[in-house]
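Fancy a bit of practice at reading a fold by eye? Here are some short exercises to work through with the viewer open.

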Amino acid sequence: MQRAPATMEEQLILKAIGEDCLWENLPKRLQSTLNSKEEWHRRVIEHCIKKRLLWNTCFARKVCKEGEYYEEMMRYLRRNLALFPYHLAEYVCRVMRVSSFKYYCDMLFEVMKNEQPYDSIPNFSAADALRLTGIGRNEFIDIMNKCRSKKIMWKLNKSIAKELLPVEPVEFVIEPWWGVCLVNFTLEEFKKLSEDEMSMIDKICKEEANSFILFDPEIIKGLHRRGLVYFDVPVYPDDRFKVSRLEGFVSNREQLYEDPIEELLYAVFVVSSENSTVAELATTLQADISQLQAAASFACRLGWAVKLIDPASILQESNAPGSPKSLLSDEEDGSHSTMGSVDGIALQPGDALWTENSSPAADYSRVAFVVDANITSYLMMGSVSPGLKSHAVTLYEAGKLGDASIADLCKDLMTLEGTKFEGELQEFANHAFSLRCILECLTSGGVVADDRENIGSISTSNEDVPTKEADYCYGDNSGVDKSESNTEDYEQLIVQEANNPYSKDSNLDPASVDEKPVSLEGKKMKKPRKYRVDILRCESLAALAPATLDRLFHRDYDIIMSMIPLPHSSVLPGSKGPIHFGPPSHSSMTPWMKLVLYSALSSGPLSVVLMKGQCLRLLPAPLAGCEKALIWSWDGCTIGGLGGKFEGNLVKGSILLHCLNSLLKYSAVLVQPLSRNDLDDGGKVVTLDVPLPLKNSDGSMAYIGEELGLCGEESSKLNTLLYDISNKINLWTIGYVRLLRLYKERESDNFSVDDSDKYEWVILSAEFGIPLFSPKLCSSICKRVVSSKLLQTDLSNEHHEAMQDLRSRLREVCLEYQSTGSTARLLYQKEQPEKNSSRPLMTYASGRWNPLADPSSPISGALSDNQRLKLANRQRCKTEVLSFDGNILRSYSLSPIYEVGNRAIEENGKGETEDVDSKEVILPGVNLLFDGSELRPFEIGACLQARQPVSLIAEASAASAAFALKQKVVN
């Protein structure tokens, strides 16, 4: 494992080694540090060994002999149970006569002799040892049990274990293009050769090419078993390869030593593409090309990567659906371009078998579906299908599941259809069913044809009508309660493949989609756009350098699609990257997004934002007296099971004060109070998830209410609300909008009201991406993708503008209300609008406005009813602050002089903005209250323990955030 130099001396030593600096030419400072010339030579050899460098190309050749260098390297590798150095086989295998089989047998014996567990062997070494010796975890345990059964004999003679190890390598796959190389024979070995073996050796010596396919395979395998030949797996800068399943991978510990080749392997698994050469991959990773060739060679040796220059790969690739018809450039070996026909297509001499703009780039759009590690654990749970485990291991260890494996994955997921699950396995079923649905939707291009299976085969019944038994309800202290509802949903969603869930409302003519040109937005397309899908694990992407990640996204993908929810540490493409069906920025993954939606729509639930670091002695209105409340922590941190759920936690009003004080120590909090009338009979909130996009490709509004199966009146109200949302915010993307049902508060409840008029729907949140946790919702989103023809339209304009608009809104809200924002500077007097103002903004120690200097308008008491209605009906002004003095909620109007100053500060702040998305969570620097239509500063100094000055809390919060950012830059 590589580590950065800890001291300046180490950095100078590395620089001197890189410059091949001899002892006599070293600076005096280093000579005094190293003490002697022998110590300098030891450092040079140690560095070259750790980098696995060839003796004749590294600095070590000037300080030691070749034999000494490789002997020391092999001792280092055995000591660390490291991977066999195949790229050094020219000396290690040919001269030293150390075969990879003998090396791993010695390694296994050392582990057994020391009675170390099998997990102590690093994963790549264990996988290679399994390939050659046939000894995996179970075989290792069996040998150890046999040894321990001998009791005293085992303690006295550890060589018993060696007798139980194999004496020759097991059969393994040898590709036709592998090279066959000879070792240095001894005289005794030469005398024991048969005539056939002698002639074969002569042929190897005389032939310019030494590919395995040119020789008798049985004779070559026999020579290999006796250690007389070894195999070379050549990888050249112009070669292309693709990563397949990690069959035979051993999930042991990662290496604790430094090995650049092993560390490159993980990056190669993620960034590899059949469209890119090894040289291009090296450019993408900014890696040494020789080390990258060694890593790719090892992956091919273990069967984890397929080199795309051999005839077998061409024939195999051409049979895959949608694969390129040719995989070579005509500048490479011309003999490969005259192989008759592939997949019924004649390949003539000189035909371009692979060009820069060949079919993968011209006819297909590449999609990366980003998931987290939880998906791999869910697939691991599906032990009923052996193929799922292989896919899960590949996705977890390699970080990527290529498009060639997607069809097999969908087929394996299909085997789960009709199976009933209970408990935690139901979560696996939900994710598996949703995953298959979205993968089939993407690979089909979001269209439906007569001659293909239904996309996802998920048919939602008309049971999405929001009722007291709603599918998505928040339970006490547990976030979304999905255990019972999703079990019923899953049973209802198992339908026959014969029914087409998309044909009813999609208005798609399959015949016209199949071959005829399709006109979209005034532009004619010859045929439907096709998509290739890769699944990427977000943790593996986060391990790449930001510059490498940008090059990967720009080089390989046209669209990035994310699952819901994504971890906060996930990487996002950014505004200049590919199209992203996911969070537009990291701020959109925080409660800032809710505030942006509420402010833009002038509608939403009553919401209170509390700054980090406060400690409340009592709840301010409108939190006081609420029946229950939804709470979110700002950065997703979880304290006692609260705050970490992206859908929020529903807590009782009686314990709300304790819950808030627990969370406010670690994060800012968003709270939404709810009255008894807002809840159903079971004490849960009622929500409705509306799939995106809301509009069709022609700009017309979709009738979402009818698609969700609502009755006529409810459908009409919902469509009106969604029409208003779509006019104020462009949501031309994939995801869903969650609506919350609230009770309509009135001045008087004496007259009777219809049940349909008692409640109203308001927006609660908007999530971008694919919710794999709910198969019904995922199916609804896929339906909308098909009926809106989203994937068949030009996404570069409208989608980009929609996401840019959201980023801009988020940036403005964050800049205004963060600890260094315009509102905080105005309220805490960080900047005075006018220095000579005769009437400054006076505050007490608690931060409350002076009621003698600033007139106020009382709104409601702490325990008053209909607080939402009273806030909505209050007299408003352009610049105001809401304040709770311990008894009454009041509105303070700032005088015009402060309004002018506030505008000046806002204009200054806008000039400082940059179009940069940071992973750092921006915390609010002021308490805020959204009253149902507007977002206002909220002064609650009277509710704080010891009357803490709010300005001091905001200053401490800003200082801690700046310190954390500075520490990250230094590290």
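Below are three exercises on this predicted model, each with a worked solution.

**Exercise 1.** Work out the strand order of the open sheet that holds β20, β21 and β22, and find what lies across β20 and β21.

*Solution.* Start with the order: the three strands run β20-β21-β22, with antiparallel pairing. Next, the edges: β20 (687-692) and β22 (759-768) each pair on one side only. On average, neighbouring strands here are turned by 25 degrees against each other, direction ignored. Now zoom in on β21 (residues 735-743), which shares nine bridges with β22; R738 sits opposite S765 of β22. Last, helix α32 (residues 775-788) lies across β20 and β21, at about 35 degrees to β20.

**Exercise 2.** Decide whether strand β28 is enclosed or open, then track down its partners.

*Solution.* Check burial first: five of the five residues in β28 (residues 935-939) are buried, so the strand is largely enclosed by the rest of the structure. Then go through the partners. β25 (residues 880-884) runs parallel to β28 and is joined to it by two bridges, with L882 partnering F938. β27 (residues 928-930) pairs with β28 in the antiparallel sense over three bridges, and L928 faces P937 there. Finish at the β27-β28 hairpin: four residues separate the strands, and G932 has a positive phi near 110 degrees.

**Exercise 3.** Is I152 buried or exposed, and which patch does it belong to?

*Solution.* Find I152 in helix α9 (residues 152-156). Its relative accessible area is 53%, and the cut-off for exposed is over 50%, so I152 counts as exposed. Together with M153 and L156, I152 forms a nonpolar surface patch of about 340 Å² accessible area.

Notes. Residues numbered from 1 in each chain as written. Predicted model: local features only at pLDDT ≥ 70, side-chain atom pairs only at ≥ 80, totals over all residues. Heavy atoms only, no water. Pairing = 2+ DSSP bridges. Axes fitted to C-alpha atoms, helices over the stretch in contact; angles between N-to-C directions. Contact = heavy atoms within 4.5 Å. Patch = residues over 30% accessible without salt bridge, like charges linked within 9 Å, V, L, I, M, F, W, Y side chains within 5 Å. Areas by Shrake-Rupley, 256 points an atom, 1.4 Å probe, with all protein chains shown as cover. Salt bridge = Lys/Arg side-chain N within 4 Å of Asp/Glu carboxyl O. Buried < 20%, exposed > 50% of the residue type's maximum accessible area, 1.4 Å probe, protein only.
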